Amino acid sequence: MTATSPDLYDELTCRNRGFIPAASQQRLRDATVLVAGCGSTGGAVVEPLTRLGVQSFLLADNGTYELNNLNRQSATQADIGRNKAEVCARHVVEINPQARTRVATDGIQPGTVSAMVAACDVVVDGVDVTEPAGWRAKYALHEAAAALGRPVVSGYDMAGTQYVRFHDYRRGGAPFDGAVTAAQVASDSTWRLLRQVVPLRVVPVEMLESARSAVAGGEESVSQLVYTSMLFGALASRMVVDVLDGRPVRRHTVVDVHAAVRPAVSSLRARLRKPWVLALALRDLAVLERTSGRGR
């Protein structure tokens, strides 16, 4: 069978049968998915969606691959220095030559985000949240999605935990369902914004300990693991199927790899340690916000 064969799509997706109904497969084939941020989170969903049968993508990212990305992102040494959205687009057509990709190498920008969101059926939000510029882009994305009624699937990697938040803007509502405002995005610290968006109950103790260490050392980067990123690809791709089918999707989905494979005693110890570590982390972050003059 050649890449130009009219049966390529059917052959590519034939092993989905029995689990993806024919009508769902057609909706995947017809849909356009916007992946905003093609790094460890957004990048993890591109290949699963392609293999499930999505044929039309909008891929937005202004970043390039660095060596320290390779511990978790779908890239190789040859991709270092290349734009992440362009590399993801290449992966799509390598899997399905009939797929259509549009790439925005300037990422999410206020002047173009509305047109991008309007052109898609579902938004996958993998925009980085470790710096203020990322939060401004993320808010602009959600603001456009809320105004245009597009559902958004957002992912947050935290140690071994993947937290996926579904914002069903098809029903209307404010960006982030009102958890943060444009004024807060303009003035608050990245840590405070994260606390507003990510419930503390889903944050694993390992992430709290990592955050304390980062604050103490003045580090801006956040540690991330490959299996946590891959979880987002698995969870978000299934959510896209259900969203396109009009089926209900959980607003909050949490999967903790570490807890899933630990013996019960180890899991209990982690749960017992969390309140103490949480109190110390909140104290340290409060000190950071006071000394930096932000977070007011």
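# Briefing on a predicted structure

The side chains of N68 and N69 are joined by a polar contact of 3.3 Å. The model in which this contact occurs is predicted. Across the structure there are 14 salt bridges, and a search of the whole structure turns up three aromatic pairs. The points below take up the surroundings of N68, strand β1, the aromatic rings, the salt bridges, and two further charged residues, D188 and R165.

**N68 and its loop**

- N68 sits in the loop between β2 and α4, the latter spanning residues 84-95.
- Its side-chain partner in the polar contact is N69.
- Between the C-alpha atoms of N68 and H258 the separation is 22 Å, and the two residues are 190 apart along the chain.

**Strand β1 and its neighbours**

- Strand β1 covers residues 32-36, and five of its five residues are buried, so the strand is largely enclosed by the rest of the structure.
- In a regular strand, side chains alternate between the two faces of the sheet.
- Both faces of β1 are covered, with buried T32, L34 and A36 on one side and buried V33 and V35 on the other.
- β1 runs parallel to strand β2 (residues 56-60), and five bridges join the two.
- Within this pairing, A36 of β1 is opposite A60 of β2.
- Strand β4 (residues 122-125) also runs parallel to β1, and is joined to it by four bridges.
- Here V33 is the β1 residue that stands opposite V122 of β4.
- A right-handed β-α-β unit is made by β1, helix α3 (residues 43-52) and β2.

**Aromatic rings**

- The structure has three aromatic pairs in total. One of them is formed by W135 and F176, whose ring centres are 6.1 Å apart and whose planes differ by 45 degrees, making the pair tilted.
- This pair links distant parts of the chain, with W135 in helix α6 (residues 132-148) and F176 in the loop between β6 (161-167) and α7, 41 residues apart.
- W135 counts as buried because its relative accessibility is 0%, below the 20% limit.
- F176 is buried as well, with a relative accessible area of 2%.
- Y139 joins W135 and F176 in a cluster linked by ring pairs.

**Salt bridges around D79**

- D79 forms a salt bridge with R82, with N and O 3.3 Å apart.
- D79 also forms a salt bridge with R90, where the closest N and O atoms are 3.1 Å apart.
- R90 belongs to helix α4 and D79 to the loop between β2 and α4, so their pairing ties together parts that are eleven residues apart in sequence.
- D79 counts as buried, at 1% relative accessibility.
- The two arginines are partly exposed: R82 has a relative accessible area of 42%, and R90 is at 30%.

**The network around D242**

- R247 and D242 form a salt bridge, and their closest N and O atoms are 2.7 Å apart.
- With a relative accessible area of 33%, R247 is partly exposed.
- D242, at 15% relative accessibility, is buried because that value is under 20%.
- Both residues belong to a network of salt bridges that links R27, R238, D242, D245 and R247.

**D188 and R165**

- D188 lies in the loop between α7 (182-187) and α8 (190-197).
- Although D188 is buried, it has no salt bridge.
- R192 is the nearest side chain of opposite charge to D188, at 4.7 Å. A salt bridge requires the atoms to be within 4 Å, so this pair does not count as one.
- D188 does make a side-chain polar contact with S187, at 3.3 Å.
- R165 is located in strand β6.
- R165 is buried, with a relative accessible area of 6%.
- The side chains of R165 and D177 are joined by a polar contact of 2.9 Å.

Definitions and conventions. Residues numbered from 1 in each chain as written. Predicted model: local features only at pLDDT ≥ 70, side-chain atom pairs only at ≥ 80, totals over all residues. Heavy atoms only, no water. Buried < 20%, exposed > 50% of the residue type's maximum accessible area, 1.4 Å probe, protein only. Lys, Arg positive; Asp, Glu negative; His and termini not counted. Polar contact = N/O pair within 3.5 Å; in protein donor to acceptor, adjacent residues only side chain to side chain. Pairing = 2+ DSSP bridges. Right-handed = clockwise from strand over helix to strand, strands pointing away. Phe/Tyr/Trp six-rings, centres within 6.5 Å; stacked < 30°, edge-to-face > 60°.
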